[in-house]
Amino acid sequence: MAVPKLELRPLGNTGLKLSSVGFGASPLGSVFGPVSESDAVASVREAFRLGINFFDTSPYYGGTLSEKMLGKGLKALGVPRNEYIVSTKCGRYREGFDFSAERVTKSIVESLERLQLDYVDILQCHDIEFGSLDQVVNETIPALQKLKEAGKIRFIGITGLPLEIFTYVLDRVPPGTVDVILSYCHYSINDSTLEDLLPYLKNKGVGVISASPLAMGLLTELGPPDWHPASPELKSGCQAAAVYCKEKGKNISKLAMQYSLSNKDISSVLVGMNSVKQVEENVAAATELALFGKDLETLSEIEAILKPVKNQTWPSGIQRS
């Protein structure tokens with residue numbers, strides 16, 4: 001049986017087509033433990049070979065290390081620039097937040113140098129809830145429009161945790177100004193609140209990227225890192241679901257990935273990867289979903305376990321870098 005290619009999905013009105021699984025490059029910045037340059041390059045190469053064409057990073061990840069590592073990995077591909085899509089971010093740095101026009105304009109020049117690229121496809125304002133949303137509307141986004149005119153970036157995005165930041169900004173900028181939003185932890189088995197926003201975003205012509213289908217480690221057998229901001233109830237609910245899956249011979253992370261991938265209104269599901277093995281597992285989850293569909297029985301059982309904590313979010317906290 002022929003293995004299906006990774007699905008490519010249109011991103012809003014941009015004309016870009018993103019692989020349904022996106023490569024989150026934050027782990028390449030050694031934020032979850034050390035990653036060697038050879039592992040970083042190998043994982044980027046394997047991702048591209050298996051059909052992943054979308055790579056996302058930020059100067060904040062690993063204090064610029066993620067961008068440098070991703071740049072080396074992309075360069076090593078030796079393929080024409082138009083064969084992959086790169087997004088990076090601005091406004092959040094190791095030293096803090098700065099959404100001023102001056103800083104974001106300088107930021108992209110630095111990012112392009114680290115990535116060894118002439119332009120990025122998408123530049124996103126990073127975690128805007130920590131800045132002034134009015135500054136983002138009145139100063140940051142106009143500065144990004146100038147970068148677009150200068151050819152340094154192709155499209156403009158915004159990212160953050162609380163969903164209301166997206167409507168706040170999109171209701172205040174001219175239509176077509178913001179091309180894409182990146183939301184995280186709001187489209188996974190334990191929290192599907194992003195779904196309510198999808199008709200609004202579609203109506204605005206804005207593309208949707210959803211990150212962290214594993215809810216920053218909640219939906220894994222290992223469980224979340226110590227600093228995870230979820231409540232004790234949510235953590236124990238997810239742990240119970242993970243144990244239940246394991247007893248059934250299933251993997252909660254794969255089920256979570258497939259749950260997130262199955263909504264076609266989301267252009268790409270971004271997941272952090274730092275090894276060839278992780279790349280292969282994520283692509284296999286997508287391939288299996290395309291061939292056999294969701295494991296509805298196990299999913300409904302997990303959803304029943306998580307029902308008491310469903311859509312329980314947490315406040316935006318500054319996560320440890």
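**Group meeting: a walk through the predicted model**

Let me start with one residue, L270, which, once neighbours within four places in sequence are set aside, is in contact with G22, F23, G24, F54, D56, L182, I209, S210, A211, S212 and P213. I should say at once that this is a predicted model, and that what I describe was computed from it. L270 is found in strand β12, and with a relative accessible area of 5% this residue is buried. One of those contacts deserves a second look, because I209 is 61 residues away from L270 along the chain, and yet the C-alpha atoms of the two are separated by 7.1 Å.

F23, another partner of L270, brings me to the aromatic residues, where the count comes to 5 aromatic pairs. In one of them, the rings of F23 and F55 have their centres 5.4 Å apart and their planes at 40°, and since that angle is neither under 30 degrees nor over 60, the pair is classed as tilted. This pair links distant parts of the chain, with F23 in strand β3, residues 21-24, and F55 in strand β4, residues 54-56, 32 residues apart. How accessible is F23, and how accessible is F55? F23 is buried at a relative accessible area of 0%, and for F55 the value is likewise 0%, which again puts it among the buried residues.

A second pair is made by F97 and F99, whose ring centres are 6.3 Å apart and whose planes meet at 20°, so this one counts as stacked. Here F97 is partly exposed, at 28% relative accessibility, whereas F99 is buried, at 3%. Ring pairs also bring in F130, so that F97, F99 and F130 form a cluster.

Now to the open space in the model. The largest pocket holds about 1,600 Å³, and 45 residues line it, with P27, F32, M216, G217 and G272 lying nearest its centre. Which elements supply at least two residues each to the lining? They are β10 (180-184), α8, β12 (268-272) and α9 (276-292), so we meet again the strand that holds L270. The element that gives the most is α9, with 5 residues. Sorted by class, the lining has 19 nonpolar, 17 polar and 9 charged residues.

Helix α10, residues 296-306, is where I would turn next, and there T298, L299, I302 and L306 are buried. Why can we say that they line one face of the helix? Seen down the axis of α10, the buried residues fall within an arc of 100°, and so they share one face. As a general point, an α-helix has 3.6 residues a turn, so residues three or four places apart point the same way. On the other side of α10, L296, E297 and A304 are exposed. The buried residues of α10 are covered by elements that include α7 (232-247) and α8 (252-261).

Finally, two backbone details. T64, although not a glycine, has a positive phi of about 80°; its place is in the loop between β4 and α2 (65-77), and T64 counts as buried because its relative accessible area of 19% falls under the 20% limit. Q116 is also a residue other than glycine with a positive phi, in this case near 60°, and it is found in the loop between α3 (101-115) and β8 (120-125). At 38% relative accessibility, Q116 is partly exposed.

Terms used
Residues numbered from 1 in each chain as written. Predicted model: local features only at pLDDT ≥ 70, side-chain atom pairs only at ≥ 80, totals over all residues. Heavy atoms only, no water. Buried < 20%, exposed > 50% of the residue type's maximum accessible area, 1.4 Å probe, protein only. Helix = DSSP H or I, 4+ residues; strand = E, 2+ residues; numbered from the N terminus. Arc of directions from axis to C-beta. Contact = heavy atoms within 4.5 Å. 1 Å grid on protein atoms, 1.4 Å probe; cavity = no way out; pocket = protein on both sides within 12 Å on 5 of 7 lines; lining within 4 Å. Points joined across faces, edges and corners; volume = space filled by probe spheres on them. Nonpolar A, V, L, I, M, F, W, Y, C, P; charged D, E, K, R; others polar. Phe/Tyr/Trp six-rings, centres within 6.5 Å; stacked < 30°, edge-to-face > 60°.
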